[in-house]
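Please load the model in your viewer and keep the selection tool at hand, since each stop below begins with something to select and then describes what is there.

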Amino acid sequence: PDEQLDLDDGRWEDIHVVTGALKLFLRELPEPLVPFSHFDKFIAAIKIQDPSLRGRCIRDLVLSLPLAHHDTMKVLFRHLCRVVEHKEENRMSVQSVAIVFGPTLLRPASEEGNMAMHMVFQNQVVEHILNQYSYIFPD
């Protein structure tokens, strides 16, 4: 159904409602922003010890995403970088944003395996993309 959304409605003034809606939208996608086929590749890449090799590998993986995923990721991460720029007021550091969005943007196709271990790496991938945004998405 084509619902009309009234953003002037008072309930949208609470940033937690907006953030919750965004996270829910991303979580409800049939496939995450990082497709299941790329999950293991991103986890392997974030484990690379050499920082420049890790950086190139993650940039190349982002570039290899389907166009819709890549372009959505670019817009989302540009926004999340702006959120982090205001961390003094909103208390959302790179780490905080990564904890909030890591498991939503990157998740394995099946929930088996070490979830706690996955979460650490999922968050590290999001943190890396935030920290390296201009390298990964040059304008």
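Select Leu26 first: this residue is buried, with a relative accessible area of 4%, where buried means under 20% relative accessible area, exposed means over 50%, and partly exposed lies in between (1.4 Å probe, protein chains only). Leu26 is found in helix H1; helices here are DSSP runs (H or I, at least four residues), as strands are (E, at least two), and they are numbered from the N terminus. The model is a predicted one, in which local features need pLDDT of at least 70 and side-chain atom pairs count only at pLDDT 80 or more, while totals for chains, interfaces and linings use all residues. Residues are numbered from 1 along each chain as its sequence is written, and side-chain values use heavy atoms, with hydrogens and water left out.

Staying in helix H1, move the selection to Leu24, which is partly exposed, with a relative accessible area of 44%. If you add Leu105, which is 81 residues away along the chain, the two C-alpha atoms are separated by 11 Å.

Return to Leu26 and add Asp60: the pair is 34 residues apart in sequence, and the C-alpha to C-alpha distance is 23 Å. Which side chain meets that of Asp60 in a salt bridge? The partner is Arg59, with 3.5 Å from N to O, and the term salt bridge stands for a side-chain nitrogen of Lys or Arg within 4 Å of a carboxyl oxygen of Asp or Glu. Asp60 counts as partly exposed at 40% relative accessibility, and Arg59 also counts as partly exposed, at 22%.

The structure holds 2 salt bridges, so select Lys74 and Asp139 next, whose side chains meet in a salt bridge at 3.3 Å, N to O. Lys74 lies in helix H4 (residues 67–85) and Asp139 in the segment after helix H8 (133–136), so the pair ties together parts that are 65 residues apart in sequence. At 88% relative accessibility, Asp139 counts as exposed.

Now go to helix H3 (residues 51–63) and select Arg54. Arg54 is buried yet has no salt bridge, and the nearest side chain of opposite charge, Asp50, is 7.5 Å away; for this purpose Lys and Arg count as positive and Asp and Glu as negative, with His and the chain ends not counted. What the side chain of Arg54 does reach is the backbone oxygen of Gln49, at 3.5 Å. Leu61 is also placed in helix H3 and is buried, with a relative accessible area of 10%, and its C-alpha atom is separated by 21 Å from that of Val97, 36 residues apart along the chain.

For the next stop, select Asn90 in helix H5, which counts as partly exposed at 29% relative accessibility. The side chain of Asn90 reaches the backbone nitrogen of Met92 at 2.7 Å, a polar contact in the sense of a pair of N or O atoms within 3.5 Å, where within protein one must be able to donate a hydrogen and the other to accept it, and residues adjacent in sequence count only if both atoms are side-chain atoms. Arg91 is in the loop between helix H5 (87–90) and H6, and its phi is near 60°, a positive value in a residue other than glycine. Most residues other than glycine have a negative phi. Arg91 is exposed, with a relative accessible area of 68%.

Finally, display the largest pocket, in which about 390 Å³ of space lies. Of the 14 residues that line this pocket, the closest to its centre are Ile15, Thr19, His79, Val83 and Met92. On a 1 Å grid over the protein atoms alone, a pocket is an open set of points where a 1.4 Å probe fits, with protein on both sides within 12 Å along at least five of seven lines, and lining residues have an atom within 4 Å of a point. Which helix supplies the largest share of the lining? That helix is H1, with 6 residues, and helix H1 (15–28), H4 and helix H6 (94–105) each supply at least two residues. By class, the lining has 9 nonpolar, 4 polar and 1 charged residues, with Ala, Val, Leu, Ile, Met, Phe, Trp, Tyr, Cys and Pro counted as nonpolar, Asp, Glu, Lys and Arg as charged, and the others, Gly among them, as polar.

Conventions: Points joined across faces, edges and corners; volume = space filled by probe spheres on them.
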